[in-house]
Structures are given as structure tokens and as C-alpha cells.
Amino acid sequence: MSFDALLWLSFGGPEGPEDVRPFLENVVRGRGVPPERLDEVEAHYQHFGGVSPINRLNLEAIEAVRATGFELPIYFGNRNWHPMVEDVVAQMKADGIKRALVFPTSAYGGYSACRQYDEDIVRALQAVPDGPELVKLRQFFDHPLFISSFADGIRAAAASLNGPYRLVFTAHSVPVSADKAAGPPAEGGYRYSRQIVEASRLVAAELGVTEYDVVWQSRSGPPQIPWLEPDVVDHIDALHAKGVTGVVVCPIGFVSDHLEVVWDLDTEARDRAAELGMEFARAATPNADPRFAELVVELVAEHTADAPVRKLSSFAVAGCTVNGAPCAPLCCEPAKRPARA
Ligand SMILES: CC1=C(CCC(=O)O)c2cc3nc(cc4[nH]c(cc5[nH]c(cc1n2)c(C)c5CCC(=O)O)c(CCC(=O)O)c4C)C(CCC(=O)O)=C3C
Ligand SMILES: [Fe+2]
């Protein structure tokens, strides 16, 4: 099938101190995240001058795709901060774009990682009547280029340490209720955490590492609601208690070194390891790796050139949607959230 453009759809992040609070309000709108948590997260952003690296990283990754000789125009829009996806889809329409593929900057299934990007597409198309048809690319957590990029990141991180280390994969925590609702009901739920575990297994297998852990980070939400655990910082304590002297942390749940990586891992987890006298290294995310650009090109070619669907797991291909309609009935439903106290 033919397409006139690629829309690069991401999370968005603030570009200066005044942006931080309105950005955070956009992220958590109506989701019952306690104000104290927002204050804490605001401080993380302000620590970096109110600037998240995420927009710059997306633009760099887009440049890397262009550098492959990719032929379609690439547009960049976000869920939570400028350039907002609604504005970008309006621009696409004004430019005469009729059908576009959408690359979401998340490899996984689940509400936050997949379905919410469909909601972004629906919102944008509601805001732009007679806008372009938008076909979202599939989940790519098990693509060989994604896996080998992380494997190389771990090799480089490990090479920076002097002694032995434990390999620890980490991904953004979500409410257990959201994970339970991830995937089509017939699959039994928990698609997000099961895909994180599978991607970790594939990376470890490529490295020949048999002992490793999968943990979670960046928990939000009120404490009485269960989220995926253990937290990466608590896990470093637990490893220390077991006599582990070094750790390599791989942010398998993310595609770029955005704020959740540079704060929660490069600051909090690293500081904890240092306090405990443990060696610490964080593996790179794929963002700037030419293989990541190649992966995007391949996902597009699956639609435009009948390219083979390369994948290393036995999970069903999922996440490909048209105009934001769910990829399967009831797939990755948003969890029922408690009203804000
Ligand atoms: C699964 C997942 C991914 C991975 C998939 C993907 O990449 O899309 C992800 C990515 C990201 N999360 C990010 C930032 C934030 N996430 C928050 C809050 C939340 N994340 C959640 C889940 C996820 N989040 C959830 C269930 C919440 C609770 C509120 C809600 O249900 O919405 C909050 C609110 C404050 C707080 O932390 O409490 C912030 C600021 C940034 C940008 C960092 C930057 O600026 O560089 C990125 C890439
Ligand atoms: Fe998040």
C-alpha cells in the first residue's frame, strides 16, 4: 500500500522551567496521581533546568532515519507537549497528506505503552476533520535489531566495570490492574510485563547471560494501589545484601535516554549503588544507534514493500491500528482509575 508520510509519535517533555507543571498536568490529567508525587517529579525536571532531553533525542533519531535515505517526509508530534500531535496532524492535512504510517516511540503492548498512543491518534483526528488516514506500526519489542542494540549497550556498559556484575533489566512500572488488562482478554492479560520479560530473555540469550533480573522503575500513583515491583533502587539494596558487588542496569522498557532514564537510573540508582560501594553502569538505549533507524525503516517496509516481519518471540504481532481503533477487541483497555481524592 502507498503512504505519503511517517508520523513519529512520542511522549513529549518540557523545554524550560515554566513548561514543567503544565506538561505534568497534561501527563496525569484526571488520573489520581497525588500532588506530592507531581512536586517530586517537578523537582527532577527542574534539576535539569526544566528541560527533558526527550524532544532532542526524538529529533536525533528522526535524523538518523532520514540519513538512511528514507523517502517519505517525517513529521514529529507528541502526546503531552509541543509539538502536540493535534497540531502536527493539522499541518499534515494542510500539506496534502492523505495516508500516513505512525511510529510510536514505545516497543511494547499495554495501555500506557500502546493503547494510549491510539487514543492520541483518535484525539488528533477528532481535532482535524478529514485529516489523513493514520496507520500505526506494530509493537517491536522482539525485533532482532531492537534486541541486538540493547545487547551491545550491555556489552559496552559491562566493559566499563572492573569486577563481576549482576545484569538488571528495568522498565517503567504500571499499575498491576493495567498490566492485567494488557493485551486481548483471550491472551490472559499481563502482555506488557510478559513482553518486558521476553525482551530481557532475548537480550540475555544474545549475550549468553543466564542469571539476570527484571525489575521496575518510576512508579507513580497513590501508594495504596499496587504497581509492578520490585523497584530498581530497592533491588540494588537487595543485591547488595546478597553480596553482589557490581550491577549493569539495562532500561529495556525505553527507546531513548529521556528523563526517566537520566533521573531514576543515572541519578537515583547510581547514587544508591555508590552509597553501597557497588560498581554501577547503565546500558545505552537504542535511540542514536543506526540499527534503531534501520528498524523503523524495516517496520515501514512491512507496509510499503511487503518486507518480512522479523521477530524473535512467539508473541502474536500486535499494535498495528487504523485511525486509532483498537488492534483487537478490548485490547489493552485503560484501567478503571479511582477518582481523585
Ligand atoms: C509504560 C510507560 C512508559 C513506557 C512507554 C512509553 O515510552 O510511552 C512511560 C514512558 C514515559 N513516561 C514519562 C514521564 C512520565 N510518566 C508519568 C506517569 C506515568 N507513566 C506511566 C507509564 C509509562 N510511562 C504510568 C502508568 C504513569 C502514571 C500516570 C498515567 O497513567 O499517565 C509521569 C507523571 C509523573 C509521575 O511520574 O508520577 C511522567 C512525567 C516519559 C517522558 C520522560 C521525559 O520527559 O523525558 C516517558 C517516555
Ligand atoms: Fe511514564
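Asp130 is exposed in this predicted model, with a relative accessible area of 72%. Its phi is near 55°, a positive value in a residue other than glycine, and Asp130 is found in the loop between H5 and E4. From there it's a short hop to the main topic, ligand 1 and what surrounds it. The protein covers 98% of the 880 Å² of accessible area that ligand 1 has on its own.

**Ligand 1 and its shell**

- Around ligand 1 there are 29 residues, and the closest are Arg37, Tyr45, Ser52, Tyr117 and Ser220.
- Sorted by class, that shell comes out as 18 nonpolar, 7 polar and 4 charged residues.
- Three side chains are worth a look for polar contacts. Ser52 has a polar side-chain atom 2.5 Å from an oxygen atom of ligand 1, and Tyr45 has one 2.6 Å from an oxygen atom of the ligand.
- With His172 the partner is a nitrogen atom of ligand 1, which lies 3.2 Å from a polar side-chain atom of that residue.
- If you're picking out secondary structure, the elements that give two or more residues to the shell are helix H1 (20–28), H2, H5 and helix H10 (259–275).

**The two annotated positions**

- UniProt, in an unreviewed entry, lists Ser52 and Tyr117 under "binding site".
- Ser52 sits in the loop between helix H2 (35–47) and helix H3 (54–67).
- Ser52 has a relative accessible area of 4%, so it counts as buried, the limit being under 20%.
- Setting aside residues up to four places away in sequence, Ser52 touches Gly13, Pro14, Tyr45 and Leu259.
- Tyr117 belongs to helix H5, which spans residues 111–127.
- Tyr117 is buried too, because its relative accessible area is 4%.
- Beyond its neighbours within four places in sequence, Tyr117 is in contact with Leu9, Ser10, Phe11, Arg79, Pro104, Thr105, Ser106, Ser112 and Lys136.

**Helix H5**

- Tyr117 has plenty of company: the buried residues of H5 are Tyr111, Ala113, Cys114, Arg115, Gln116, Tyr117, Asp118, Asp120, Ile121, Ala124 and Leu125.
- As background, an α-helix has 3.6 residues a turn, so residues three or four places apart point the same way.
- The cover over the buried residues of H5 includes four strands, namely E1 (5–10), E3 (99–104), E4 (133–136) and E9 (321–322).
- That cover also includes helix H4 (85–94) and helix H8 (191–207).

**Backbone details to keep an eye on**

- His82 and Pro83 are joined by a cis peptide bond, with omega about 0°.
- Pro83 lies in the loop between strand E2 (74–78) and H4.
- There's another cis peptide bond from Glu229 to Pro230, again with omega near 0°.
- Pro230 is placed in the loop between strand E6 (212–217) and helix H9 (232–241).
- Asn323 isn't a glycine, yet it has a positive phi of about 50°.
- You'll find Asn323 in the segment after E9.
- Asn323 has a relative accessible area of 32%, so it is classed as partly exposed.

Definitions and conventions. Residues numbered from 1 in each chain as written. Chains lettered and ligands numbered in written order. Predicted model: local features only at pLDDT ≥ 70, side-chain atom pairs only at ≥ 80, totals over all residues. Heavy atoms only, no water. UniProt positions renumbered as here; feature names shortened; annotations may be inferred. Buried < 20%, exposed > 50% of the residue type's maximum accessible area, 1.4 Å probe, protein only. Contact = heavy atoms within 4.5 Å. Near = heavy atom within 4 Å. Polar contact = N/O pair within 3.5 Å; in protein donor to acceptor, adjacent residues only side chain to side chain. Areas by Shrake-Rupley, 256 points an atom, 1.4 Å probe, with all protein chains shown as cover. Nonpolar A, V, L, I, M, F, W, Y, C, P; charged D, E, K, R; others polar.
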